[in-house]
Amino acid sequence: MNQTWSRFNVTSVFLGLAFLYLPIVLLVIYSFNESKLVTVWGGFSTKWYGSLFQNQGLMDAAWVTIRVGLLSATVATVLGTMAALALTRYTRFRGRMLFSGMVFAPLVMPDVITGLSLLLLFVAVGFDRGFVTVTLAHITLTMCFVAVVVQSRLLTFDRSLEEAAMDLGATPVKTFFQVTLPVILPAIVSGWMLAFTLSLDDLVIASFASGPGATTLPMKIYSQVRLGVTPEINAACTILIGIVAAGVIVASVFNKRREVQRLRDEQAAQRG
Amino acid sequence: MTDAAMSTTAVKAGGPVNAVLNRLVIIVPYLWLLFFFLVPFLIVFKISLSQTAIAMPPYTPSFDLSEGIGGLLSGLKELSFDNYVWLTQDPLYFNAYVSSVVIAAVSTLLTLLVGYPIAYGMARAPTTIRPTLLMLVILPFWTSFLIRVYAWIGILKPEGLLNQVLLATGIISEPLIILNTYTAIFIGIVYSYLPFMVLPLYSALEKMDYSLIEAAEDLGCPPIMAFWKITFPLSIPGVVAGCLLVFIPAVGEFVIPDLLGGSQTLMIGKTLWNEFFANRDWPVSSAVAVILLLILIVPIVFFQQAQAKAQEQGR
């Protein structure tokens, strides 16, 4: 089929991407603004980045956020991968309907409901609110996203590979780690990254689940935004965007390399 | 709840260790979600039936499980629907629910109108650049929601960038008031949820066989008719998935109405937040959450079934 990319289609994609990126680009540009007024350009300056690092409250919040993110993303990846395996491999077990419901519902559940319900749970069982409760809340939210990402990879996975390994005498555990895991690893990596960024982003659930001493960066940014837009917040946002963009680029290069390596291996196998 | 994991076809002839491991894969995430997702909803429901009190936690417990059956019975007697009655008496709540559903529905429609041409254009792009386009649509989703909403404040303010551009080009002579209106909420929701709409639409449109369109056009069907008769019906699964992914979270949205909508606009997510954080009224905010969940339960179940169906087809 020889189709050209019509002018209408080019325009709509271009306008769509412009709409998606323009606000972010403007935010980054104005973080380098000399003037304290966010919307008046007063010349190039990096002074807001300097004052950002002087801001102890913001730095503490960033540190809390990173720790919560790393810990919750890691646990969520393990739990989410298990949930994905359970959903794709076990087509019949008692309560499967409830299980799949609980995996999919958090994806669309409004944050205010999830946040409030988790808070009431923590109060009911007498947990002190703080670092631990925010982490637990984020694990619960993000494991469902990991499960969906890993599940979509598992659905296209060729199970005859596993059967071959087991026919050759590998135990199921060994088969999982030596055959299944390497194949689904890219999905697990992107699941982890998604979990980490979701945790980094979350304002609403963290506000409910957190307590004194565990203010996350979004909570800090939110409380400052309510007082007004400042270039310092633009600078903080730019750094966050930079970290996420770098992470996504590294991950896509990593995936690309694996893909190239896999193609090479396949070609070598065919030649040999 | 261990019997939830009575497995299954896949338990192969392994040792008992393997059988246990197989079950753990189900049991561990199952128990986690039961405890941290399902049980909390029951607690919300319970607290929505209790009385507000000036204490910490600020409600009178309606059940005392330590007293056994007697506690349960006396608890049942003390259950009160006062909070729900209160919600029906104050028109604020009713209006907030209605306006949330209306705002979410209108923004879902707007997102569909904005997202469809983008997804369509992507699906018809040369195959070599499709992965890049896909990546470009997903990337903003990875940057913080809060930051993306915040970015719009600087654009929509009366002295913001949009008004500066429009005034400088002479299109308008007075700055437009957009921030702190419903218009700003619509812009915010469309912008933030656009990737959720584009991605399912794209995957539905990309699978489509375009020789169908060519056949229709060869037979004399005008392009617009061909779109309505062939392309759009074939993309319905993507439309449904995209609309649900936008509509359900948008009804309970808090950040967008709070930052872009100002104090004049009414949405239930903001009402719940204020009841909880400003008024410290836990039972009323629980009742607000229960009603919100009841409103959303139908679309959520619908969404789950669409997901399960897609999963079956992928198998």
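In the predicted model, Asn180(B) counts as partly exposed, because 19 C-beta neighbours lie inside 10 Å, short of the 20 required for a buried residue. This asparagine is located in the loop that links α7 (161–168) to α8 (182–206) of chain B. Its backbone has a positive phi of about 65°, although the residue is not a glycine. A second non-glycine residue with a positive phi is Arg280(B), for which the value is near 55°. Arg280(B) belongs to the loop between α13 (268–278) and α14 (282–314) of chain B. With 14 other C-beta atoms within 10 Å, Arg280(B) is likewise partly exposed, since the count falls between the limits of 12 for exposed and 20 for buried residues.

Trp152(B) provides a buried counterpart, as 24 other C-beta atoms are found within 10 Å. This tryptophan is part of helix α6 (residues 145–156) of chain B. Beyond its neighbours within four places in sequence, Trp152(B) contacts Ile187(B), Gly188(B), Tyr191(B) and Leu260(B), and also Pro23(A) of the partner chain. A separation of 8.8 Å is computed between the C-alpha atoms of Trp152(B) and Leu179(B), which are 27 residues apart along the chain.

Chain B as a whole contains 14 helices and zero strands. Of its 315 residues, 43% are buried. Among contacts in chain B with a separation of 6 or more, 68% are accounted for by residues 24 or more positions apart.

The interface between the chains brings 73 residues of chain A into contact with 91 residues of chain B. On the side of chain A that touches chain B, at least two residues each are supplied by several helices, including α1 (7–30), α3 (56–89), α8 (172–201) and α11 (231–271). The greatest contribution to this side comes from α1(A), with 13 residues. By class, the residues of chain A on this side comprise 54 nonpolar, 14 polar and five charged.

Helix α1(A) packs against helix α4 (residues 91–123) of chain B, their axes coming within 8 Å and crossing at roughly 120°. The two helices are therefore oblique to one another, and the crossing of α1(A) and α4(B) is left-handed. From α1(A), the residues involved are Asn9(A), Val10(A), Ser12(A), Val13(A) and Gly16(A); these meet Pro117(B), Ile118(B), Tyr120(B), Gly121(B) and Met122(B) in α4(B). The contact of α1(A) with α4(B) has six nonpolar and four polar residues, and no charged residues.

Confidence was considered for the complex and for chain B. The predictor assigns the complex an ipTM of 0.86 and a pTM of 0.85. For chain B the average pLDDT is 83, and 85% of the residues score at least 70. Within this chain, confidence is highest in α4(B), at a mean of 94, and lowest in helix α2 (residues 68–78), at 59. Over residues 1–14 of chain B the pLDDT is below 50, and this stretch has 36 contacts in the model beyond near neighbours in sequence. Predicted coordinates should not be read in detail where pLDDT is low.

Methods:
Residues are numbered from 1 along each chain as its sequence is written. Chains are lettered from A and ligands numbered from 1 in the order in which they are written. This is a predicted model: local features need pLDDT of at least 70, side-chain atom pairs count only at pLDDT 80 or more; totals for chains, interfaces and linings use all residues. Two residues are in contact if their C-beta atoms, placed from the backbone, lie within 7 Å. Helices (H or I, at least four residues) and strands (E, at least two) are DSSP runs, numbered from the N terminus. Ala, Val, Leu, Ile, Met, Phe, Trp, Tyr, Cys and Pro count as nonpolar, Asp, Glu, Lys and Arg as charged, and the others, Gly among them, as polar. Axes are lines fitted to C-alpha atoms, for helices over the stretch in contact, and angles run from 0 to 180 degrees between N-to-C directions. Angles under 35 degrees count as roughly parallel, over 145 as roughly antiparallel, 65 to 115 as roughly perpendicular and the rest as oblique. A crossing is left-handed if the near helix is turned anticlockwise from the far one by less than a right angle, and right-handed if clockwise. pLDDT is the predictor's confidence in each residue, from 0 to 100.
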